[in-house]
Amino acid sequence: MRTVESRVQNWLFPQFLLLTLLPISLAAFQGWKRLSDSPIVVPRGNSWEASGTFNPAVVSVGKRIVMLYRAQDSAGVSRLGYAESDDGIHFSREAEPVLGPETPYEQGGGVEDPRIVQLGSLYYLTYTAYNKKDAQLCMAVSGDLRHWERKGILLPAYQGNWNVGWTKSGAIVSKKIAGKYWMYWLGTAADRVDEMGLSYSDDLVHWTEATKTPVLPRRAGKFDSRVVEPGPPPLLTSTSIILIYNGADDALVYRMGIAVFDRKDPRKLLYRSEVPVFEPELQWEKSGQVPNVVFAEGLATREGKLLVYYGGADKYVGVLQAPKPILPSEVLPK
């Protein structure tokens with residue numbers, strides 16, 4: 001297995017980007033490590049979270065980190081559980097889910113794979129609704145992270161400029177650009193490969209596609225040859241939109257990569273990982289409900305360090321840390 005350091009040398013920005021876009025040293029990319037070699041959230045009981053607890057969204061609330069994680073029961077129905085932590089590793093979980101299937105577009109499969117972004121005093125949750133027939137990207141809004149008001153389907157399945165299948169994985173940019181909200185998402189192209197799209201909105205509910213083709217397409221022969229899927233809501237610098245994304249190859253092994261878009265034009269790609277920055281290595285990342293999966297959906301900071309929360313093998317939650325910020329300090333929440 002290649003070391004993190006050797007992988008880093010292959011995916012650092014070209015020299016001109018290091019000078020003009022992200023002026024950081026090699027040390028900022030080194031030392032990615034798991035904060036725990038064991039999962040930090042695991043299935044429990046024989047009810048709504050008996051079979052899987054994975055794919056978490058997180059948000060910082062004061063000194064705490066709040067996590068909403070996908071939980072599956074023995075029938076495969078998904079709900080969202082609520083957990084809190086003071087240190088970003090040890091989480092206290094509530095006994096009941098905070099969001100479960102209620103609408104026709106959620107019945108049978110449930111609510112899956114959340115992402116959270118805070119805009120003003122409200123939290124905007126994107127999630128996948130699955131009714132055993134269609135998976136569609138939806139939204140709910142909350143002021144306290146426990147009580148959620150549904151806003152409905154954001155991107156209907158089988159519609160769009162290039163998408164011919166399901167819609168999933170909405171990663172919303174946390175600030176307006178050119179007077180619009182922007183969101184990266186997953187759709188299925190005509191060749192049945194899952195790729196990344198981009199849409200914009202005035203109100204966060206009604207969305208318009210920004211491109212005629214995928215904004216981040218698959219790459220044959222690479223770690224993202226079969227699936228290119230947004231991870232957590234992007235980080236922002238004064239010049240850039242930095243998106244950690246999940247890629248799967250033809251064998252459906254899921255790894256993480258990084259894409260950088262222009263802060264002034266979210267459609268314009270500036271940089272993309274040639275090799276993955278993180279991949280399944282531990283037993284619980286390789287064996288679970290779906291083998292060989294590390295899948296990022298949550299970002300937070302603790303003591304100036306970036307924490308990445310991910311699902312392992314569609315069964316567990318893990319967390320990564322970089323000892324120095326992966327990006328300049330200006331991208332970190334104040």
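The following exchange examines a predicted model through its strands, burial and aromatic contacts.

User: How many helices and strands does the secondary structure of the chain come to?
Analyst: The model is predicted, and its chain has 334 residues, of which 60% are buried. Its secondary structure comes to three helices and 21 strands.

User: Among contacts between residues at least 6 apart in sequence, what percentage join residues at least 24 apart?
Analyst: The count considers contacts within the chain between residues at least 6 apart in sequence. Those joining residues at least 24 apart make up 53%.

User: What percentage of the accessible surface belongs to carbon and sulfur atoms?
Analyst: The accessible surface of the chain comes to about 13,200 Å². The part belonging to carbon and sulfur atoms is 50%.

User: Which are the edge strands of the open sheet formed by four strands?
Analyst: The strands of this open sheet follow the order S1-S21-S20-S19, with antiparallel pairing. An edge strand here pairs on one side only, and this holds for S1 (33-34) and S19 (294-302). The edge strands are therefore S1 and S19.

User: Which residue in S20 is the bridge partner of Gly298?
Analyst: Strand S20 covers residues 305-312 and pairs with S19 in the antiparallel sense over eight bridges. The bridge partner of Gly298 in S20 is Tyr309.

User: Are the two faces of strand S11 covered or uncovered?
Analyst: In a regular strand, side chains alternate between the two faces of the sheet. On one side of S11 lie Tyr181, Met183, Trp185 and Gly187, and on the other Trp182, Tyr184, Leu186 and Thr188; all are buried. This agrees with the count for residues 181-188, where eight of eight are buried. Both faces of S11 are covered.

User: Which residue of S11 stands opposite Ala171?
Analyst: Strand S10 (residues 168-172) runs antiparallel to S11, and three bridges join them. The residue of S11 opposite Ala171 is Tyr184.

User: Which residue in the turn between S11 and S12 has a positive phi?
Analyst: S11 and S12 (residues 194-201) run antiparallel and are joined by eight bridges, with Thr188 opposite Asp194. The two strands form a hairpin with five residues between them. In its turn, a positive phi of about 70° belongs to Arg192.

User: Why is the pair of Tyr130 and Trp166 described as tilted?
Analyst: A search of the whole structure finds 11 aromatic pairs. In the pair of Tyr130 and Trp166, the ring centres are 5.5 Å apart, and the pair is tilted because the planes stand at 55°. Tyr130 belongs to strand S7 (residues 122-130) and Trp166 to the loop between S9 (149-155) and S10, 36 residues apart. The angle that makes the pair tilted is 55°.

User: Is Trp166 buried or partly exposed?
Analyst: A residue counts as buried under 20% relative accessible area and as exposed over 50%. Because Trp166 has 31% relative accessibility, the class is partly exposed.

User: What is the geometry of the pair of Phe278 and Tyr310?
Analyst: Phe278 lies in the loop between S18 (269-272) and H3 (283-286) and Tyr310 in S20, so the pair ties together parts 32 residues apart in sequence. Phe278 is buried at 7% relative accessibility, and Tyr310 is buried at 0%. The ring centres are 5.4 Å apart and the planes at 65°, so the pair is edge-to-face.

User: Which residues form one aromatic cluster with Phe278 and Tyr310?
Analyst: The cluster containing Phe278 and Tyr310 is completed by Trp284 and Tyr316.  The residues asked for are Trp284 and Tyr316.

User: Which residue lies over the face of Tyr82?
Analyst: The distance from the ring centre of Tyr82 is 4.1 Å. The residue over the face of this ring is Arg146.

Terms used. Residues numbered from 1 in each chain as written. Predicted model: local features only at pLDDT ≥ 70, side-chain atom pairs only at ≥ 80, totals over all residues. Heavy atoms only, no water. Buried < 20%, exposed > 50% of the residue type's maximum accessible area, 1.4 Å probe, protein only. Phe/Tyr/Trp six-rings, centres within 6.5 Å; stacked < 30°, edge-to-face > 60°. Lys NZ or Arg CZ within 6 Å of the ring centre and 35° of its normal. Contact = heavy atoms within 4.5 Å. Areas by Shrake-Rupley, 256 points an atom, 1.4 Å probe, with all protein chains shown as cover.
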